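Reader: I'd like to learn how to read a structure like this one feature by feature. Could you walk me through it?

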Amino acid sequence: MLNRKNQAETPQLKAPSLWVINPFFIWLKRNMAAMIALVFLCIVLSISTDTFLVKNNLFSVLRQVCVNCFIAFGITCVLICGGIDLSVGSVVAAAGVIAVRCGNAGLPLIVCILIPLMFGAVIGFFNGFVISHTTLPAFIVTLSTQIIVRGISYILTGGQPAQSNNEVFNNMGVGSVFGIPIPVVFVIGAFIILYFIMNRTSFGRHVYATGGNKEAARYAGVDTKWIQVRVFVISGVMAALAGIVLAARLYSGQPSVGEGFERDAIAASVLGGTSFNGGIGTLGGTMVGVLIIGVLNNGMNLLKINSYWQFVVKGIVILGAVYVDYLKKRGSLKK
Amino acid sequence: MSVEYVFEMKDITKAFGRNVVLDGVSISIRPGEVRALMGENGAGKSTLVKILGGIFSADSGTVFMDGQEAVIRNVDDARRYGVSFIHQEITNVPEMTIAENIFLGREPKNHFKMVDYRKMKQEAQIALDELGLMLDAGMLIRGLSVAQQQMIEIARAVNEGAKILILDEPTASLSHSETENLFAQIERLKNAGVAMIYISHRMEETFNVCDSVTVLRDGKFIGTRNTNETTENELISMMVGREFNNIYGNKRVVGGAVIMEVKNLTTKKVSNISFTLKKGEILGFSGLVGAGRTELALALFGIDSIQSGEVWMEGEKLSITKPRDAISAGIALVPEERKEQGLFLEHSIGTNLTFQVLSEFINHLRVDRKKETEIVDEFKQKLSIKMASTEQLAGELSGGNQQKIVISKWLAAKPKVLILDEPTRGIDVGAKAEIYKLMHTLAGEGVSIIMISSELPEIINNSSRIAIMREGCLAGVLDQQETEISQETIMSYAVGGEHSVC
């Protein structure tokens with residue numbers, strides 16, 4: 001912060017450093033703490049266990065984090081826009097059930113993917129529409145849809161898991177292309193698409209604007225209601241995608257799956273520097289956050305830490321990380 | 001050390017990091033004296049009074065209270081010495097009663113160590129009655145006007161037995177009559193021997209209310225004058241550090257052909273407004289707070305919905321139902337609340353400034369950073385915006401530079417009609433002069449400007465014509481291309497005097 005101040009006084013003398021003007025370096029600076037935490041975690045695990053730094057283990061970590069990654073991407077967009085989406089966990093279950101049903105009915109793979117995605121979009125549209133047009137709190141509205149959609153997924157299956165007997169569909173969860181797990185390919189695809197939407201379109205800027213200051217966005221002619229609706233649609237679609245991938249990995253659509261998934265997704269976003277007040281956040285940061293949680297889970301299993309204690313550790317890590325972030329931010333505002 | 005002063009602050013120095021905000025400032029005030037504290041934004045006024053109020057602590061320097069050296073470490077200490085702070089933003093708890101607010105943090109207790117509500121209410125009622133407020137101490141704060149809440153804060157200060165009262169821009173959101181009432185109360189407290197520090201950007205008030213003025217500049221003490229021995233121009237020179245004859249100094253522009261015509265515009269808040277706007281003129285909108293000027297602007301910009309009436313632009317009838325409609329017709333609004341309505345404080349200057357022209361450099365999923373920087377640089381130079389880089393956050397800038405960003409944002413979209421709602425509120429004198437100059441340059445380039453302002457000198461010295469609103473309707477439009485309209489004339493329209501048509 002100090003060097004920024006110097007430049008304010010003598011703007012002509014020195015070219016401003018990359019840390020101040022280059023968007024990538026600014027991103028790096030903002031997520032430095034999370035990156036260091038991730039690297040530190042990996043180093044510690046590599047030293048303390050001989051099972052962590054093994055190709056099979058690393059690939060299984062990647063496979064495991066994919067589901068959370070999809071959801072967290074969607075949640076990040078919603079948080080940036082100043083909202084929150086608690087319904088994602090239920091959408092994961094319902095989308096999985098629908099995808100398996102479609103697969104068992106012998107529909108082509110593309111249809112098995114598109115129909116659940118449509119379902120996610122509809123739920124997202126409903127969330128966004130109700131929130132933006134009634135100004136009810138997003139927390140309450142999406143909490144209600146969470147319960148409703150959970151009900152729907154139980155109704156669709158009669159409470160029983162639906163086994164998938166479609167080989168092509170199942171392959172999506174466990175197969176690989178060129179040695180890369182298919183879910184990872186999907187994550188990379190989703191990242192690229194969302195990255196372009198959020199950073200290279202007017203819509204993306206309008207999302208950041210709406211979350212940063214809704215009133216100012218309205219005064220600037222942004223249709224903030226429509227922006228909110230579209231962001232919730234993104235979140236719904238991403239959750240549905242997570243549901244499809246998860247169902248393929250489990251060879252079944254389970255109506256009870258996904259309970260509490262919104263917790264991990266929100267935690268990952270926040271670890272990755274997304275502001276709970278809206279307007280601030282990056283998908284790259286969220287990716288780092290997802291990896292921290294994933295590596296932490298994996299590491300604690302490898303170290304054979306009691307699974308009840310794992311919750312305690314995870315909670316403390318998240319609280320600590322967010323507090324460090326807060327301290328950093330407060331330091332920079334104080335000057 | 002004599003006890004003729006209520007308090008003395010000597011050689012106060014304070015730095016935030018490497019930024020020295022106060023550099024050896026001394027100030028002393030007698031009982032019953034009202035002292036104005038003036039200076040540009042960033043001169044150190046707020047920091048000085050915050051040190052006195054215990055919100056900040058000084059790096060060095062001493063404070064004497066009634067001639068005794070005093071240590072003020074926190075707000076409680078300050079309160080014990082009789083220092084009370086009336087903040088610019090009201091700090092009452094809306095869901096509690098007036099009495100509870102007055103006694104917040106020092107509730108009277110009965111024998112059982114429980115809050116004595118009866119005593120609390122009685123004493124609060126006495127404090128309210130003393131200030132001549134027609135309010136019941138049992139009422140909730142929610143629903144009271146800003147002026148009433150401010151009076152309640154004063155009541156709290158009096159009840160605490162304040163000897164030194166700090167008023168930080170107390171009239172910023174008050175109407176004319178509310179301001180008068182506040183001044184009456186200040187006079188009363190002054191006679192009761194309460195010393196006051198009065199921070200305000202408004203010259204007129206300073207001369208009306210204060211006995212003396214202390215001017216700070218860049219954290220340094222510049223001088224203290226008695227108000228009856230100084231002039232406005234002398235004070236401004238002291239504040240900006242150079243000779244200053246007239247901050248307006250612009251020749252009034254004369255408009256060309258009619259560009260916009262508003263016919264019988266009616267919304268929930270304003271009724272039957274008709275006026276014309278000429279190309280390249282500055283049309284000033286005056287009137288009391290709450291007269292409907294902002295609401296008229298909001299209607300023209302598509303935020304408040306128009307119930308009936310027409311807006312014509314260059315011979316075409318506009319249908320304005322949302323801000324997009326107004327923007328595409330060439331109307332821009334620089335809103336009243338800069339931080340809440342005009343800016344994304346946590347986003348970069350670049351993001352803010354280019355917000356209306358995204359399509360010029362974001363195309364086919366490509367962001368042309370060079371073009372974006374060019375746009376920012378163009379306005380940085382044109383409006384002499386002081387900033388470190390395009391990526392600096394808007395929230396880190398001073399009020400004047402923030403306002404320039406908001407104006408630039410709209411100028412980038414090349415508007416035909418620019419509505420400025422209180423464009424210089426809370427901005428220091430230097431930046432004010434720059435904004436006036438910019439307005440005249442724009443008008444010279446053919447942009448038509450509607451300027452809403454509560455400062456009469458600002459209206460009179462800048463406008464080609466002056467429209468005056470009263471209680472939601474247009475009381476009259478005065479042409480001042482030949483003769484200057486006096487403040488009295490405008491006020492008589494604004495309060496519904498003989499000329500007023502409504």
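Author: We'll go through the fold of one chain, the contact between the chains, a sheet and two unusual backbone angles. Keep in mind that this is a predicted model.

Reader: Let's begin with the overall build. How many helices and strands does chain A have?

Author: Chain A has 16 helices and four strands. Its radius of gyration is 21 Å, close to the 20 Å that the globule rule gives for 335 residues, so chain A is as compact as a globular protein of that length. If you prefer a box, the C-alpha atoms of chain A fill one of roughly 70 × 55 × 40 Å along the principal axes.

Reader: And what share of the residues of chain A count as buried?

Author: That's 47% of the 335 residues. You can also look at how far apart in sequence the contacting residues are. Taking the contacts in chain A with a separation of 6 or more, 78% come from residues 24 or more positions apart.

Reader: Now the two chains together. How do I size up where they meet?

Author: The size of an interface is often given as the accessible area lost when the parts come together. Here we can go by residues instead: 28 residues of chain A are in contact with 32 residues of chain B. On the chain A side, the elements that give two or more residues are α1 (2-9), α2 (18-21), α11 (202-212) and α12 (214-219).

Reader: What is that side of chain A made of, by class?

Author: It has 14 nonpolar, seven polar and seven charged residues.

Reader: On to strands. In what order do the four strands of the open sheet in chain B lie?

Author: The order is β12-β11-β14-β15, with antiparallel pairing. β12 (273-278) and β15 of chain B stand at the edges with a single partner strand each, so one side of each has no neighbour in the sheet. Neighbouring strands are turned by 20° against each other on average, if you ignore direction.

Reader: How would I check the pairing strand by strand?

Author: Follow the bridges across the sheet. β11(B) is joined to β12(B) by five bridges, and B:E261 stands opposite B:T276 in β12(B). Five bridges also join β11 (residues 258-266) of chain B to β14 (residues 308-313) of chain B; in β14(B), B:M313 is the bridge partner of B:M260. Then β14(B) pairs with β15 (residues 316-318) of chain B over three bridges, where B:W312 has B:K317 as its bridge partner in β15(B).

Reader: How many residues sit between the strands in the hairpin of β14(B) and β15(B)?

Author: Two residues, and B:E314 in that hairpin takes a positive phi near 45°.

Reader: Why should a positive phi catch my eye?

Author: Because most residues other than glycine have a negative phi. B:E314 is not a glycine, yet its phi is positive, about 45°. You'll find B:E314 in the loop between β14 and β15 of chain B. It is partly exposed, with 14 other C-beta atoms within 10 Å.

Reader: I see A:T135 has a positive phi too. What is its value, and where does A:T135 lie?

Author: Its phi is near 55°, and A:T135 lies in the loop between α7 (109-134) and α8 (138-157) of chain A.

Reader: Is A:T135 buried or exposed?

Author: A:T135 has 9 C-beta neighbours inside 10 Å, so it counts as exposed; the cut-off for that is 12 or fewer.

Methods:
Residues numbered from 1 in each chain as written. Chains lettered and ligands numbered in written order. Predicted model: local features only at pLDDT ≥ 70, side-chain atom pairs only at ≥ 80, totals over all residues. Contact = placed C-beta atoms within 7 Å. Nonpolar A, V, L, I, M, F, W, Y, C, P; charged D, E, K, R; others polar. Pairing = 2+ DSSP bridges. Axes fitted to C-alpha atoms, helices over the stretch in contact; angles between N-to-C directions. Rg over C-alpha atoms; globule rule 2.2 N^0.38 Å. Buried ≥ 20, exposed ≤ 12 C-beta atoms within 10 Å, placed from the backbone.
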